[in-house]
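This report is meant to be read with the coordinates open. It begins with one loop residue and then turns to the confidence of the model, the helices and the sheet.

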Amino acid sequence: MERDSLKKGLIITLIISILITIPRFIRFEQSDIWNLTAHFIYIFLLNFIYWYFAQYMVAKNWKLARSFSLYLTITGVFSIGYHIVINHFVFHFKLLNNDFPLMEALNKQNENLILFVRGVLFSGIIYFVVFYLKLLLEKQKNQLEIAQLRKEKLEAQLASLKQQISPHFLFNSLSTLRTMVADESAKKYINKLSNVYRYLLNLNENDLVSLQEELEFTESYLYILKERFEDALQVENNLPMAIVDKKIPPLVLQLLIENAIKHNVTSVKNPLKITIARYNDDNIIISNTIQPKLTTEISTGKGLENIRYRYQILSEQNIVVASIDGVFTVIIPIL
């Protein structure tokens, strides 16, 4: 990016300096070649300094009137100082036989005023170019962002369509399968699995669900887990009926149960015990015994981070996570 800016600065400064030098070139004489070259170098260096200063001022994102007026004032004054330094350098090293060629035809009494005006004119042109290039760059950036957003929207719509097709197809297939089997336990399992998918299909409609709905979903989810773990998994629900109308984000209980199973050993000899209870008027506590798996897998914490993020977005409240005396607990607000 810095190299691209230097390249643009050199090219634009070169073009402007050539345009400014053209009047001298028209009345060019062979004996003036050194003066013409010196004049061009003098103008080029001045405009190149203006280019970088204009970039600095435009990048400040101040109000245009404030930035432009301050820029012109500074560059006008700088033009005077720049000429004084260059003239001293030329005189000291006797590079030219007379005063610096830019000022040869100027009235010495008006020299500073003319230098100031010259600086304002040159730098004003350069400021306009830099500002215009910035607008073009921002326009291109906005167009790229819009194109990227459109692409992401299409991808999200496609992903959403896929998610709708697959669960609906599976849900309908489960309903058909339920009518085909004769075994009651198999029918019950299919029914619970259908309840889980029905709940998942409706998730996009609500940011919050009643605790009653979440518990009913969790009960179906646990039934499926119990078929796999049997007595190795023990879940106790101690929530009073008085709070079942309260709201929580969907799938919170399921994620916490899944998180407990993921990180702990579940066996008939050493069952994993999970308890869901009321902590106080505004919170629920979910706890499980800590019996870690003998694995080198490192927890990413994504499950808890997901829950924490959702609570912050929905209510600006936070969850509390603790591990005390062999028990892992998570306290979640009820809304």
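Is Glu-230 buried or exposed? Glu-230 has a relative accessible area of 52% and is exposed, because the cut-off for that class is over 50%. Glu-230 lies in the loop that runs between H6 and S2, and its phi is near 55°, a positive value in a residue other than glycine.

## Confidence and overall make-up

The model is a predicted one, and its pLDDT averages 78 over the protein, with 79% of the residues scoring at least 70. Among the elements, the lowest mean pLDDT, 72, belongs to helix H1 (residues 2-26), whereas the highest, 93, belongs to strand S5 (residues 283-289). Over residues 97-105 the pLDDT stays under 50, and for this stretch the model has 20 contacts beyond four places in sequence. Where pLDDT is low, the predicted coordinates should not be read in detail.

The secondary structure comes to eight helices and seven strands. The protein has 335 residues, of which 33% count as buried. Among contacts with a separation of 6 or more, 72% are made by residues 24 or more positions apart.

One residue of helix H1 is Ile-11, which counts as partly exposed because its relative accessibility is 44%. From C-alpha to C-alpha, Ile-11 and Phe-48 are 9.8 Å apart in space, although 37 residues apart in sequence.

## The pair of helices H6 and H7

Two packed helices are described by the angle between their axes and the distance between the axes. For helix H6 (residues 211-229) and helix H7 (residues 252-263), the axes come within 8 Å and cross at roughly 25°. Since angles under 35 degrees count as roughly parallel, H6 is therefore roughly parallel to H7. The residues of the contact of H6 with H7 divide into eleven nonpolar, two polar and two charged. On the H6 side they include Leu-211, Phe-217, Tyr-221, Leu-225 and Phe-229, and those they meet in H7 include Val-252, Leu-253, Ile-257 and Ile-261. Glu-214 in H6 and Glu-258 in H7 are also among the residues of this contact, as are Thr-218 in H6 and Gln-254 in H7.

## The five-stranded sheet

Five strands form an open sheet with mixed pairing, and their order is S2-S4-S5-S7-S6. Strand S2 (233-237) and strand S6 (320-324) are the edge strands, each of them pairing on one side only. From one strand to the next, the twist averages 20°. Helix H8 (residues 302-315) packs on this sheet, where it touches S6 and S7, and its direction makes about 20° with that of S7.

Strand S7 (residues 327-333) runs antiparallel to S6, to which five bridges join it, and also antiparallel to S5, to which it is joined by seven bridges. Five of the seven residues of S7 are buried, and the strand is thus mostly covered. The table gives bridge partners of residues in S7.

| Residue | Partner in S7 |
|---|---|
| Val-321 | Val-330 |
| Ile-324 | Val-327 |
| Ile-285 | Ile-331 |

Strands S6 and S7 form a hairpin with two residues between them. Asp-325 belongs to the loop between S6 and S7, and it has a positive phi of about 50° although it is not a glycine. With a relative accessibility of 78%, Asp-325 counts as exposed, because the class covers values over 50%.

On the side of S5, what does Asn-283 contact, leaving aside its neighbours within four places in sequence? Asn-283, which is found in strand S5, is in contact with Arg-278, Ile-331, Ile-332, Pro-333 and Ile-334. Its relative accessibility is 16%, and because values under 20% count as buried, Asn-283 falls in that class.

Methods. Residues numbered from 1 in each chain as written. Predicted model: local features only at pLDDT ≥ 70, side-chain atom pairs only at ≥ 80, totals over all residues. Heavy atoms only, no water. pLDDT = per-residue confidence, 0-100. Helix = DSSP H or I, 4+ residues; strand = E, 2+ residues; numbered from the N terminus. Contact = heavy atoms within 4.5 Å. Axes fitted to C-alpha atoms, helices over the stretch in contact; angles between N-to-C directions. Parallel < 35°, antiparallel > 145°, perpendicular 65-115°, else oblique. Nonpolar A, V, L, I, M, F, W, Y, C, P; charged D, E, K, R; others polar. Pairing = 2+ DSSP bridges. Buried < 20%, exposed > 50% of the residue type's maximum accessible area, 1.4 Å probe, protein only.
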